[in-house]
2 protein chains.
Amino acid sequence: MNRPTITDLARMLQLNASTVSRALNDHPDVSPETKKRVNELARELGYTPNQLAVNLRKRHSGLIALLVSEMNMFFNPSVFRAIEEEIHANGYNLIILQANNTLSRETQNVQICRQLAVEGVLVSLSAEAQNLDHFATLLDQKVPVVFFDRVLPQDHSCSVTVDDLEITRQAVDHLLKKGHRRIGGLFGDPKLSITRERLIGFRETLSNAGIPFDPQLAMYAQNSEEGSHCALELVEKHQVSALFAMSDELMVGAVQALETTKKKIPEELAIIAISDGFAPEFYNPKITHIRHSGYQVGQHAAQLLLDVIRGTIKKPLQEKLACQLVELGSV
Amino acid sequence: MNRPTITDLARMLQLNASTVSRALNDHPDVSPETKKRVNELARELGYTPNQLAVNLRKRHSGLIALLVSEMNMFFNPSVFRAIEEEIHANGYNLIILQANNTLSRETQNVQICRQLAVEGVLVSLSAEAQNLDHFATLLDQKVPVVFFDRVLPQDHSCSVTVDDLEITRQAVDHLLKKGHRRIGGLFGDPKLSITRERLIGFRETLSNAGIPFDPQLAMYAQNSEEGSHCALELVEKHQVSALFAMSDELMVGAVQALETTKKKIPEELAIIAISDGFAPEFYNPKITHIRHSGYQVGQHAAQLLLDVIRGTIKKPLQEKLACQLVELGSV
DNA sequence: AACCTTTGTGCAAACGTTTGCTGTGGAAAA
DNA sequence: TTTTCCACAGCAAACGTTTGCACAAAGGTT
């Protein structure tokens, strides 16, 4: 026989489908004896409910979508892992949609969420997104949405981020404390709010220390290769004594470049990064960093989303996670 | 109004739901004029079909599941990206389930696939899986399944892998060609078939070159930290002149450790790895490797699965991808 | 003895589509 | 004119569940 349905069970047991359904769901209205008969036959036939029918009837899908701007080896794996674990532990399943950093794919992904009737959405925005217009269809329908990591700066939706100003301050302060006065900064895509925020933190921390901001010492790089070039320029042309990298990717590029120079880390050049904590272990000396845990971000975002779905949380909540300095050999 | 349904459209247009459905699906039985009216109203109201209902009616979910043993920064991101792109381009959506390398979670994930009525499954087996018994429910129902990367050695299901013997031979041959005779090997979890195969390749290549296999020179390490320890032992205690690492993770561990020694790469110590190609760029000199593209593996696996779903392929097919030597500075 | 409550079950509708079949009006063919 | 055919639209069933309601039998309360 094909996959047995509830109706099949009902026919075989001389019961009504509704009774079988209630028995399987342990409804109090049905007698223990009937429940036993039903469950035994169900087990025997290997019955499992047709989730498609359940979904339609219950008008939900049991699905949570993760919208991510791109697949990135430095941040995503731990975020994915945390989210998958949290979602799964609560009986949902995770569907992943990537946007390739384009607004059009992101918009399309939002439509998919709507069509699939996902019950919640976790979003790390693509660089092109400068507003949330393309999320209107979801937000209008009151589909719970939690933004994380890459968010809009002045937005009042639920979100989980780190305090970019603060962590950059921590990093730069650490360099200042070690006596560095000429500090170069490597920054990512300026379209991203995390980039802008971190740059502000960088400037302000220097200003507060009485060091005038030199625009030449803050460079933008889109990937590790560009990070390498910028790092070389900062070190060789602008003679910085310390480098700040706002991400793992840029840090890796920088260290790779610096290994070509004769400069010893940390004696001749200090380096600090904002990092998930894995890449800093690749080197010797290990790279001092502000630990920005992707796992933690993912976990908190998922928990927040689940709270919103449950209705535990009524008002939008913006959560800012704390980060800690992990002092290793590079500074 | 809530989300409009096909029935709503029908009522507003004084049509039958079936006609509206056909109009939306561009069925030849409905007049161009009616199609126009329907489509206009649909656009106006922002109608999108309720996928839950479509799924139930059509008895499919549009979902493809990716079962992965764990989230790993070295291999997964590019695999995920390739699979997501391929799947999405063909109108399916991707749900991701991780097994935490346990058989129990993997079994559970198989059940989820069945319940959700996924239309195809891509699997990278967890280390604990020594047979496919737990896939019986899927295979019995003729759900298309393609295994990739981590597969069972003697299995006749569809799969996409690399030729482990061959790529290890390439790597070791390269070291031999450079004059190395005392070569250490770093290997991963011995429960995995890729580990066993690569170890065999390692031994045989050495044997063929007239070098008796020394078991002390082939070490198992589960992660990069253990890789570091093993690398140090091989270099300092066993005085190898070259290292082979069967994965990025072990390579990274090894290089990190070697940077603590005074040994110059490649003059005093050569190193080669099997790698996705990213991590070798982190270092200077860059690490020579056999390029095992996760993107390519994912892409081929997804394409194969789609072919099986379409019925284009009748017999199980085991695809073995070729890999190329990327010679950089480390050898 | 009449009434109410409880316990267990069945009936039927609903979730929103898709699709085989039936039917109608009009044009083309005989 | 009659027959045939086609283009178009509607009817109703189906996908497999869940759930409000009705109802019968049994037990308990006045």
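I take a polar contact to be a pair of N or O atoms within 3.5 Å. The model I am examining is predicted.

**Entry 1: polar contacts to DNA strand C.** I applied that cut-off first to the backbone of chain B. A polar backbone atom of Asn50(B) lies 3.3 Å from a phosphate oxygen of DNA strand C, and I therefore enter the pair as a polar contact, being within 3.5 Å. I then looked up two side chains of chain A. In Thr19(A), a side-chain N or O atom is 2.9 Å from a phosphate oxygen of DNA strand C. For Arg22(A), I found a polar side-chain atom 2.7 Å from a base oxygen of the strand.

**Entry 2: elements near the strand.** I listed the elements that give two or more residues to the surface near DNA strand C. Chain A supplies helix H2 (17–24) and helix H4 (51–58). Chain B supplies helix H1 (6–13), helix H2 (17–24) and helix H4 (51–58). The largest share, four residues, comes from H4(B).

**Entry 3: the surroundings as a whole.** I noted 27 residues around DNA strand C, with Arg59(A), Ile6(B), Ser18(B), Ser21(B) and Arg57(B) the closest. Of the strand's atoms that come within 4 Å of the protein, 59% belong to sugar and phosphate. I recorded the residues of this surface by class: 12 are polar, eight nonpolar and seven charged.

**Entry 4: domains of chain A.** I looked up how chain A is divided, and found domain 1 (6–49), domain 2 (58–161 + 295–321) and domain 3 (164–292). Between the C-alpha centres of domain 1 and domain 3 of chain A I noted a distance of 64 Å.

Notes. Residues are numbered from 1 along each chain as its sequence is written. Chains are lettered from A and ligands numbered from 1 in the order in which they are written. This is a predicted model: local features need pLDDT of at least 70, side-chain atom pairs count only at pLDDT 80 or more; totals for chains, interfaces and linings use all residues. Side-chain values use heavy atoms; hydrogens and water are left out. A residue is near a molecule or strand if one of its heavy atoms lies within 4 Å of it. A polar contact is a pair of N or O atoms within 3.5 Å; within protein, one must be able to donate a hydrogen and the other to accept it, and residues adjacent in sequence count only if both atoms are side-chain atoms. Ala, Val, Leu, Ile, Met, Phe, Trp, Tyr, Cys and Pro count as nonpolar, Asp, Glu, Lys and Arg as charged, and the others, Gly among them, as polar. Domain bounds come from an automatic or database domain assignment.
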